[in-house]
Every structure is written in structure tokens, then in C-alpha cells.
Amino acid sequence: MTPRVRAPELPQNYSWLNTDKPLSLKQLKGRVVILDFWTYCCINCLHVLPDLKYLEQKYKDSLTVIGIHSAKFDNEKETENIRQAILRYDIEHPVLVDIGFRVWQEYTVRAWPTLMVIDPQGYVIGHVSGEGNRNALDQLIQELISQHFEKGTINFQELSLTLEKQRQPLITPLAFPGKVLATSEGLFIADSGHHRLVMSSFDGEILHLIGTGKSGLTDGTFSEAQFFAPQGMAFDAENQILYVADTENHALRRVDLKRQVVETIAGIGEQSRNIRPHSGAGLETALNSPWDLVKVGNILFVAMAGPHQIWQMDLETSIVKTFAGTGAEGCVDGSLTESAFAQPSGIVTDGQELYIADSEVSSIRGVSLVEPFQVRTVCGSGQLFGFGDVDGQREDVRLQHCLGVESAQNFLWIADTYNHKIKLVSPSTGNCQTVLGDGSAGLQDGQGKNTRFFEPSGLSAIGLYLYIADTNNHAIRCVDLNTFELTTLQFPSLCAPDVCIPPNL
């Protein structure tokens, strides 16, 4: 713990979100304050949010949490993009947009996430970095409340806030769809913000709604099951089984289309803290933010974003284990056991290699599926801060937090998420070229670069069409691969949960 020092005042002339006016430490005197230094790309920052929500609810009359958003990527500096992240992750505390790392520097922060604890008299009395500190914070808050109650320096009063979700409710038919999967049976959409899966025909007819639309971890029929921000999917056409990365439940789920039931096949519903390579029975092994899936034979490969690893599940034995990655965050090529990844968030295969959208190093990685099982960097800088928007070859390429990758027609299609573009990569030469998107956030159909996306995150190709989960536009887009013509799919009978009664499916 740090010695007691007076907490620097928060800037009043910066952008504030989730509040109708700036907050000052002076006006919060008498309350415990936690400053959460975060950036919305960071998986560790996202893992802290449930802990903060727990503490906010437990001590709502005496604790104020303020998010200090100190952006890593250029795209994260935009206030509107931060607002969308607040909506996506259901953040209910005030957030200050920390322009130029001013507050970060005043508090001498060195890493994301860092939680700075300020006592009711305005002194910094402790800080913790990283995740997994809920119990320590809980104990510290209790002690502070007890001490300052005795001294008469605590102010028990619930703070009233105007939240972004009150200003902009998530009532769109889709909400922050993270991934899309095109199959012979139709489209599967991870309707992440609505905590459900949508199955539709290619012309927008709704075939199934899977999940209640409320976050939870519940097995059962399509109308009973619950998910929590599901992401990537893989489809077994022969057996009519959809596998789902149920990201915020830290679980893998199996959707049986014939029986119309959902079952959990891996994970215990709690986040694993173990980053070392390990293995175990699926339902006895904790997972850590599984983000995307691809099926190869009877093996389900998992982009496990939390521990920066690639995992696998043997669908015959139900054993899950680390496949590649030491657990260190970085970009290290070589053997499976010495390689390192950085928040892998997309995965696909061409049958010879796995290809990974390695988001925090803004690079595309390859993992051989045949001896000697080597990991390589296909394109991108391979550096945590080596991002940008540059087409070119191999290490000269600059991407910005790429989240999606698809293999089609001997090329890789990349969702270059924070550049709002779709790019085409040769897996053999590492050549990368922009194909769609002009680099500005927006929703614009058209052809080639005369189009716009808003943080596209998922890609899936079938035949001559590429489908795109255009996350912040709450939309699914379709590209004709012959003409590069982009259109936005319509789902006339789809509505948000609780907004309208869906048709009898």
C-alpha cells in the first residue's frame, strides 16, 4: 500500500460519461472513491468490471467508482467509441475520458488496469494493479467505512447518476453482435449485447432464437437457456451441433439443433486465474474468456483471450487443455510451448494452419497443425504498441486491434476492428491490402473502400459471400466477393428482448 497522499483533483473540463455533470473529489468527500484506470480493448480491464459492479452494489451508499479511461489505441481516444464500450459492457459508474494520460500521470499509474483507492477525506491510501483483487478491496472498503464512521467523516448517501444506457437504451434488434457464422443451414449470429444467439436464413428470416435475452448460465431448451455475451461459434453440420464460446460465462456451450437444447460442455462458470498450460475434464476445468472457436475433426480449438493462449477440447473425451502459448502476453514465435500470444480473439483454419487474430499485438499469427507445430507471425508488427493502418508486407503491416479472421479462396480476410476496415492477407507472403472501408466509423453500403463500418469484429464466408458482424453498428453486413459490393442485412421480424413479442418460431 502507498503512504497517504492527497488525491489530485479530477479535471472538470474533460468529457464525462454516465453522469450529467463532472464529478470532483471535493464534492465526493465523505465517500470511499475507487479510480479504475482502464482501456476498453484490455481483457484484464474487462475482467475487473464484474468485481467493481459487485462492490458498487454492496456499498452503494458509501462507495463511488469512477472509470478513468486512458486509451491505448488511437481509436479508443474517441469519446463516442468509449460511450459504445460503456453500453456494451453495461458499465454503471461515471467514466472520465483521460485525454493525453493527464490523470494517469498525476496518479503515477503504470499499467492497465490499476485501481486507486481514495479515503473519505480525500487521501490515496492504496492501489492495486491487475485483476483478481475483489476480496482485498472489499476488506479495505469495510475497514475504511468502519474507521470513518467512528470519526464521523463518512457520508452515507446513494449517488444519483444519469447513465448512457438511460440516454441510449439497447433496443435495436441486434446489440453489439460479436461474431457471425455462415453455414449450409443459414446464419448464426452471436447477439452478444442481448446475451443470445440468432439463427436466420440468408435473406433475414428468423429460424431460431436461442436464449432468453437475459444474462446467465442456464442449460435447457432454446427458450430457457441463458448466455452471457457469447462470441465465436463453430458448426458440426453432420450432427447439427453448434459450439459456442460463452465468453463472459467463461464456458463452452453445445447447441443441439435437432433436440433444440443447450448444454454446457466446458467451464465451471467462473474465471480461471491459472495462466500456466494445464488440462482437465471439461466440466471441472475453469476457463478464461473463450472468444472464438474452430472445429478440426473432433478437436475444438479455442482462442482463449484471457490467458493469451490457444486451447483445445477433444470432443470425444471432453478433455480441455492448453494447445499453444505460455500465458505471457506478447508475440513470440516458435514451438507451441515457447510461443506467446496477446489476447487472441479470432481463429480459423485452412486445414494446414490455424490463423489467429492476435488483437493486442495487432497481428495475424499462424499455428501449424502438422509437425513440427510451429507458431509464426503472418503479418503485423508483433509489438504491443506497434499498431496503425498500413498496408504492405509481413512486419511492415500495421493493423489496429484486429478481432476477426476468416479463410476463403486461399486468402485470409481480416476484421481490422479499430481501423473500421476489412483487409485481405496472403498467408504465404504476408501481403496485406485494404479491401473495404474508408477508415472512418460509420454505416455506409457501397463498393470496396467507399464503405464504412464501426468496429467490425467477426467474419464468415460461404460460397461467394462474406458476412461481417459490424459490432457497433448492431448490424450484419454482406459482401459479394466477386464485386466487393457491400449491403446491410435486414431482419424484419427480429426485435430486442422485451421490446416486442417475436413471431411463433
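This report describes two nonpolar cores, one helix and one sheet of a predicted model.

The largest nonpolar core holds 21 residues, and those touching the most other members are I82, Y89, I91 and V95. Three elements, α1, α2 and β5, each supply at least two residues of this core. The largest share, four residues, comes from α1. A second, separate core has 20 residues, among them L10, L25, Y107 and I118.

Leaving aside residues up to four places away in sequence, I82 is in contact with L17, Y40, H69, E76, K77, V95 and V97.

Helix α1 is 16 residues in length and spans 24 Å between its first and last C-alpha, close to the 22 Å expected at 1.5 Å a residue. Its buried residues are I43, N44, C45, L46, H47, V48, L49, D51, L52, L55 and E56. These buried residues of α1 pack against the elements in the table.

| Element packed against α1 | Residues |
|---|---|
| β3 | 32–38 |
| β4 | 63–69 |
| β6 | 114–118 |
| α4 | 134–151 |
| β18 | 290–296 |

Further along the chain, five strands form an open sheet in the order β27-β31-β30-β29-β28, with antiparallel pairing. The edges are β27 (392–393) and β28 (404–408); each has a single partner strand, so one side of each lacks a neighbour in the sheet. Strand β27 runs antiparallel to β31 (residues 431–436), and two bridges join them. Within this pair, G392 lies opposite C432 of β31.

How values were computed. Residues numbered from 1 in each chain as written. Predicted model: local features only at pLDDT ≥ 70, side-chain atom pairs only at ≥ 80, totals over all residues. Heavy atoms only, no water. Core = buried A, V, L, I, M, F, W, Y, C linked by side-chain atoms within 4.5 Å. Buried < 20%, exposed > 50% of the residue type's maximum accessible area, 1.4 Å probe, protein only. Contact = heavy atoms within 4.5 Å. Pairing = 2+ DSSP bridges. Expected span 1.5 Å × (residues − 1).
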